[in-house]
Amino acid sequence: MKRPAWSSLSRSSRGLALALVAGAGLALAGCGDDPSAHAARARTAFAAQDFVAARMEALAALDSGLDSGKLAPGDAQALLRLLARAQLQLGDGDGAQATLVRLDEAGGGGATVNRMKAEAALLRGLPRQALSLLGQDGDADAWRLRAAAQQALGNNADALAAFRQGLAAGDNVALARDYARFLITAEDYAGAQAALAVMQRGDPKGLDTAMVEGALRAKQGQLDQAAAAYDRAIAGYPTRVEPLIERANLADMQGQLDRAIGLITRAAKLAPGDGRVLDLQVQFASEKGDWEKVRQLLAPHEIDLDPRTPNGLTYAEALLRLGHPEQARVIFARALLLSPQNPYSRMMLAEAQLATGDPATALRTIRPLSDSLLAGPRELDLALRAARAAGDPAADALAGRIRSAQWQQDQRLAGEGQAAMGRRDWAAAIEAYTALLADGSDAEVLKRLAVACSNAGRHHEAIAYADRALLIAPRDPDMVHMAGLARLNAGQDLDAARRLLARAAEAEPANRLFRADLARAQAR
């Protein structure tokens, strides 16, 4: 077998291998040029799910073994297969594809390798090629990859069918993991629990099992159980960044910001270039009000920031807080134009408009939020400041509302409703929001009532509330989605449910919840 050409490997793989050959990594200390030592370390690292180390050691074993001729053909095939699996786990589709080409040349093909090629194609953004490679393969893992390919193509109903056929083909932990995540996104928690049970039977101590359990428990409002699952993952897989990220998120949800910052700092040491880590570093810095830290973190990425994303919006807020309101105004205006239903974008644009001396425009911008029954102190204070600066007579009404007993009562009910929704106490949420609605009509309150009634099994009321919300805000994708979802959950008027859910998904094609609910409707 000839030595793999460096040009056939991904740039990242070549860089790692060159570092290994140069002796720069501590992992090479004491190994010399013995390919068997590198191979053993690669196998150990892979078993521990330290895929970065597994990739590095497999590359080093191949490099030294093929140079010296110390690798038998069977050993070289095994190492190439391990290297490709590690690259797939790391999302390196180009590197995996190059490795699999070498594996073919070494005579190491077969059905399993063909599935790996399909997975590499998916990572390279080629879902149709992946489907072609899978052909008529009836293995459960092939169904998992078909489901992923159909999701990439936007065919969520076909993805759901593939998941179900895969489960029928036999228990497969990776398929159950992906299916559980799909169902969690669709808020089908009973279905996700069934998929988790497959994982618990097949790999009770696995990282993926703990991570899916943590995600499901968090969505169900069982935060202590979610924390325990993530803590097990951190203890069992100390080189993996994923459980640290999710545990940090959960700590933040529990109001433990300093603990969250400590966890994400540990994650940053493991994976300093990981975008998920950066996202949480930015989020936690903003929660601390450390705007200079936010600016430092995001300034190197400014040219690539999408103004609609949390990082884009937070960067704009940092600019505003640091005395650059004109720059902030431009970003917030773009964000609101691209995502007109985002309340944060609307509020921050009004803040920037006020800071740049345009209070009349600021008042017009904030009014949809300040007029809502759910308006809090921040929205009303901003509207009042803008009205006073503009000399608008609305200032007196806003000031009177802030002082009124009715607004205090509305705030109490809104808080009770939100808290009840968070703990999935649907009866309490319905009681709070029904009382709040007595003070007027509000699309967002009606939507929340529809959510609570739907989850409580009060489907007729859910549909009625959702339709009233849609009548008030017919172009709001959230209201369109809720009107379809209420019907889907009720099992009523499914044709209308599909039409409404399709409208919502078309309006926000990147919304995974919308796509998942549409898939469920299309599968009915």
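This is a chat about a predicted protein model, its helices, cores and salt bridges.

Student: What kind of model is this, and how are residues numbered?
Tutor: The model is predicted: local features need pLDDT of at least 70, side-chain atom pairs count only at pLDDT 80 or more, and totals for chains, interfaces and linings use all residues. Residues are numbered from 1 along each chain as its sequence is written, and side-chain values use heavy atoms, with hydrogens and water left out.

Student: OK. How many helices and strands are there?
Tutor: The protein chain has 30 helices and 0 strands. Both are DSSP runs, numbered from the N terminus: helices are H or I with at least four residues, strands are E with at least two.

Student: What are the dimensions of the C-alpha trace?
Tutor: About 85 × 55 × 40 Å along the principal axes.

Student: And how much of the chain is buried?
Tutor: Of its 524 residues, 49% count as buried. Buried means under 20% relative accessible area, exposed means over 50%, and partly exposed is in between (1.4 Å probe, protein chains only).

Student: Let's pick one helix. What is the length of H11?
Tutor: H11 covers residues 189–202, which is 14 residues. From first C-alpha to last, H11 reaches 20 Å, close to the 20 Å expected at 1.5 Å a residue. The expected span is 1.5 Å times one less than the number of residues.

Student: Which residues of H11 are buried?
Tutor: Tyr189, Gly191, Ala192, Ala195, Leu196, Val198 and Met199. They cover an arc of only 160° around the axis, which puts them on the same side of H11. The arc is that of the directions from the helix axis to the C-beta atoms.

Student: What sits on the face turned away from that side?
Tutor: That face of H11 carries the exposed residues Ala190 and Arg201.

Student: And what do the buried ones pack against?
Tutor: Helix H10 (173–185) and helix H12 (207–219). Contact here means heavy atoms within 4.5 Å.

Student: Try H17. Which of its residues are buried?
Tutor: In H17 (residues 291–298), they are Trp291, Val294, Leu297 and Leu298. Seen down the axis, they fall within an arc of 120°, so they line one face of H17. Their cover includes helix H16 (275–288) and helix H18 (310–321).

Student: New topic. Which residues have the most contacts inside the largest nonpolar core?
Tutor: Tyr433, Leu436, Leu437, Val445 and Tyr465, in a core of 42 residues. A nonpolar core is a set of buried Ala, Val, Leu, Ile, Met, Phe, Trp, Tyr and Cys residues joined through side-chain atoms within 4.5 Å. In soluble globular proteins, nonpolar side chains tend to be buried together.

Student: Which elements give two or more residues to the largest core?
Tutor: Seven-odd names would be a mouthful, so here are a few: among them are helix H24 (405–422), helix H25 (426–437) and helix H28 (477–490). H28 gives the largest share, 8 residues.

Student: What does Tyr465 touch?
Tutor: Leaving aside neighbours within four places in sequence, Tyr465 contacts Thr434, Leu437, Leu446, Leu449, Ala450 and Cys453. There is also a second, separate core of 24 residues, including Phe51, Ala84, Ala86 and Ala120.

Student: Where is Leu413, and is it buried or exposed?
Tutor: Leu413 lies in helix H24. It counts as buried, at 6% relative accessibility. Not counting residues up to four places away in sequence, Leu413 touches Ala432, Ala435 and Leu436.

Student: How many salt bridges are there?
Tutor: The structure holds 35 salt bridges. Each is a side-chain nitrogen of Lys or Arg within 4 Å of a carboxyl oxygen of Asp or Glu.

Student: What does Asp258 pair with?
Tutor: Lys288, with the closest N and O atoms 2.9 Å apart. Asp258 lies in helix H15 (residues 257–270) and Lys288 in helix H16, so the pair ties together parts that are 30 residues apart in sequence. Asp258 is exposed, with a relative accessible area of 56%. Lys288 is partly exposed, at 49%.

Student: And where is the pair Arg385 and Asp381?
Tutor: Both lie in helix H22 (residues 377–390), 4 residues apart, about one turn of the helix. Their closest N and O atoms are 3.0 Å apart.

Student: Which residues do shared salt bridges join into a network?
Tutor: Glu119, Asp141, Arg144, Arg177, Asp178 and Asp208.
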